[in-house]
Amino acid sequence: MAIKRTRIVDIFAPQLVGKQVSVKGWVRTRRGNKNVQFVALNDGSTIKNIQIVFDLTKFSDEDLKPITTGSSIHVEGLLVESQGKGQTAEIQAETLEIYGTADPDTYPLQKKGHTLEFLREKAHLRPRTNTFGAVLRIRHTLAYAIHKFFNDRGFFYLNTPLITASDCEGAGAMFQVTTLDLNNLPKTEEGKIDYEQDFFGKQANLTVSGQLEGELGATALGAIYTFGPTFRAENSNTPRHLSEFWMVEPEVAFNEIEENMDLAEDFIKYCISYALENAKDDIDFLAQMYDSELVERLKFVVENDFVRLPYTEGVKILEASGHKFEFPVSWGIDLQSEHERYLVEEHFKKPVILTDYPKEIKAFYMKLNEDNKTVRAMDVLFPKIGEIIGGSQREENYDKLLARIEELEIPMKDMWWYLDTRRFGTVPHSGFGLGFERLVLFVTGMTNIRDVIPFPRTPNNAEF
Ligand code: ATP
Ligand code: MN
């Protein structure tokens, strides 16, 4: 009778020592001499490899020849305590089945130690490397932590649409969705494109945020969160921007800005602690390979209160700093990453929640303060990352919101349904958006956002 496969993450259990086991996976290395050969096998379940020992009195050179880096095999044998150091157990191979070979001359990951840039060109295979295995497992762990955090606190997961007909969020340039024949566009009498003939009977785009629909959910269910893809067509080639990224957007009825800040801080700390506890091997691996201060930095964020500071105070600190910024600082500017990072990394040496931004640089739906100049916005700024969360208390007053919409000349025909939340049973409410990849960046210590999503979409890049 065939033995049931054991995943490599489970193979190091003491009770399995002395038992017959079956493992399946991809070969990382094979080395040895004419008496014995050692194969390091990985199946993706853990950063750890299992060592398999092939005794050359039982296997021939010919048997083992196809076992090169990247090939896939199935081995059965006895699990024994390991002789070699650094290993706890190894398998003495008794049977070998080869699923697929990987020609050493053409397999792109034949050698170790490729650069992250090289691996970006091989994004279809890079999940098979230690680094990307670790990153993707951490990404999964964080996604699970997010759902757990909100579920444990009574939030409902709300799925908001990816295709939207309103271009009013203003969060970024949008990708258009159309089935019109681009070589033969239907025209109206005035010579404009006739979107009535398009699939949805109007112009449609991919969403830049689920927030507006999230507010509809929150003002019905009380507390909701979204967690899904968002799309931004900006031509920004930075290590922190993707054209397609995942956003987490909680929205809570009756929450004011302070409660929103508390939620954001608890939420981020929870996710980081969860990863430290549940993805330790992978975090330790990345720390050892790329970033020796990683674990210390993660613990520091979990253990310390975030600084909470009005934008106006932040600007004063930057102006008084004497630091030479590429973009000069004055009240009213939209802070650049260099300013955000100065406050976090140089001045406070802690995460900062910056609040009460000038209304001109923030979205129309944010609640106006008494001063009529600033809004109840809150951005969470992180070391190495800059902005990781952007949020606010929302304007719940119908007249004030309408005035702002008219002031900014946002087309009303797109906004009627959103305004209905303020016409019928309006309530104070707040929420925020966390860029999921920015959280994964922080927790993995990676420095380029293209390296924390399996298939990055950036300008000129959608190959795989
Ligand atoms: P930034 O100023 O960094 O471009 P933003 O202010 O335009 O960000 P928001 O509209 O506030 O971003 O979106 C909420 C969160 O989504 C941000 O705090 C950030 O974590 C994340 N985010 C925004 N744009 C991107 C992007 N292009 N790629 C990855 N994450 C992003
Ligand atoms: Mn923002």
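**Exercise 1. Work out the order of the strands in the eight-stranded open sheet, and find its edges.**

Solution. Step one: the eight strands of this open sheet follow the order 6-10-11-16-15-14-13-12, with mixed pairing. Strand 6 (156–157) and strand 12 (307–310) stand at the edges with a single partner strand each, so one side of each has no neighbour in the sheet. Two terms need their cut-offs here. Helices (H or I, at least four residues) and strands (E, at least two) are DSSP runs, numbered from the N terminus. Two strands pair if DSSP finds at least two bridges between them.

Before going on, a word on the model: it is predicted, so local features need pLDDT of at least 70 and side-chain atom pairs count only at pLDDT 80 or more, while totals for chains, interfaces and linings use all residues. Residues are numbered from 1 along each chain as its sequence is written, chains are lettered from A and ligands numbered from 1 in the order in which they are written, and side-chain values use heavy atoms, leaving out hydrogens and water.

Step two: look at the pairs inside the sheet. Strand 10 (residues 223–231) and strand 11 (residues 244–253) run antiparallel and are joined by nine bridges. Here isoleucine 224 stands opposite glutamate 251 in strand 11.

Step three: add the helix. Helix 10 (residues 337–348) lies across strand 12, strand 13 (352–358), strand 14 (374–382) and strand 15 (386–393). Helix 10 runs at about 140° to strand 13, where axes are lines fitted to C-alpha atoms, for helices over the stretch in contact, and angles run from 0 to 180 degrees between N-to-C directions.

**Exercise 2. Decide whether strand 16 is buried or exposed, and name its partners.**

Solution. Step one: buried means under 20% relative accessible area, exposed over 50%, and partly exposed in between (1.4 Å probe, protein chains only). By that rule, seven of the seven residues of strand 16 (residues 429–435) are buried, so the strand is largely enclosed by the rest of the structure.

Step two: sort the side chains by direction. His429, Gly431, Gly433 and Gly435 point one way, while Ser430, Phe432 and Leu434 point the other way.

Step three: find the neighbours. Strand 11 is joined to strand 16 by five bridges, running antiparallel, and alanine 253 has histidine 429 as its bridge partner. Strand 15 is also antiparallel to strand 16, again with five bridges; there isoleucine 389 stands opposite leucine 434.

**Exercise 3. Find what covers the buried residues of helix 5.**

Solution. Step one: in helix 5 (residues 211–221), the residues Gln211, Leu212, Glu213, Gly214, Glu215, Gly217 and Ala218 are buried.

Step two: their cover includes strand 10, strand 11, helix 12 (416–423) and strand 16. Contact means heavy atoms within 4.5 Å.

Step three: look just past the helix. Glycine 222 follows helix 5, with a positive phi near 95°.

**Exercise 4. Describe the closed barrel.**

Solution. Step one: five strands make the closed barrel in the order 1-2-3-5-4, with mixed pairing. From one strand to the next, the twist averages 55°.

Step two: take one pair. Strand 2 (residues 36–42) and strand 3 (residues 50–55) pair in the antiparallel sense over six bridges, and phenylalanine 38 stands opposite valine 53 in strand 3.

**Exercise 5. Place valine 295 in its surroundings.**

Solution. Step one: valine 295 lies in helix 8 (residues 294–303). Its relative accessible area of 22% makes valine 295 partly exposed.

Step two: leaving out residues up to four places away in sequence, valine 295 touches Leu276, Ile283, Asp284 and Ala287. The C-alpha atoms of valine 295 and valine 443 are separated by 8.7 Å, although the two residues are 148 residues apart along the chain.

**Exercise 6. Compare the settings of aspartate 356 and asparagine 460.**

Solution. Step one: most residues other than glycine have a negative phi. Aspartate 356 has a positive phi near 55°, and asparagine 460 has a positive phi of about 65°.

Step two: aspartate 356 is found in strand 13 and is partly exposed, with a relative accessible area of 23%. Asparagine 460 sits in the segment after helix 13 (436–444) and counts as exposed at 87% relative accessibility.
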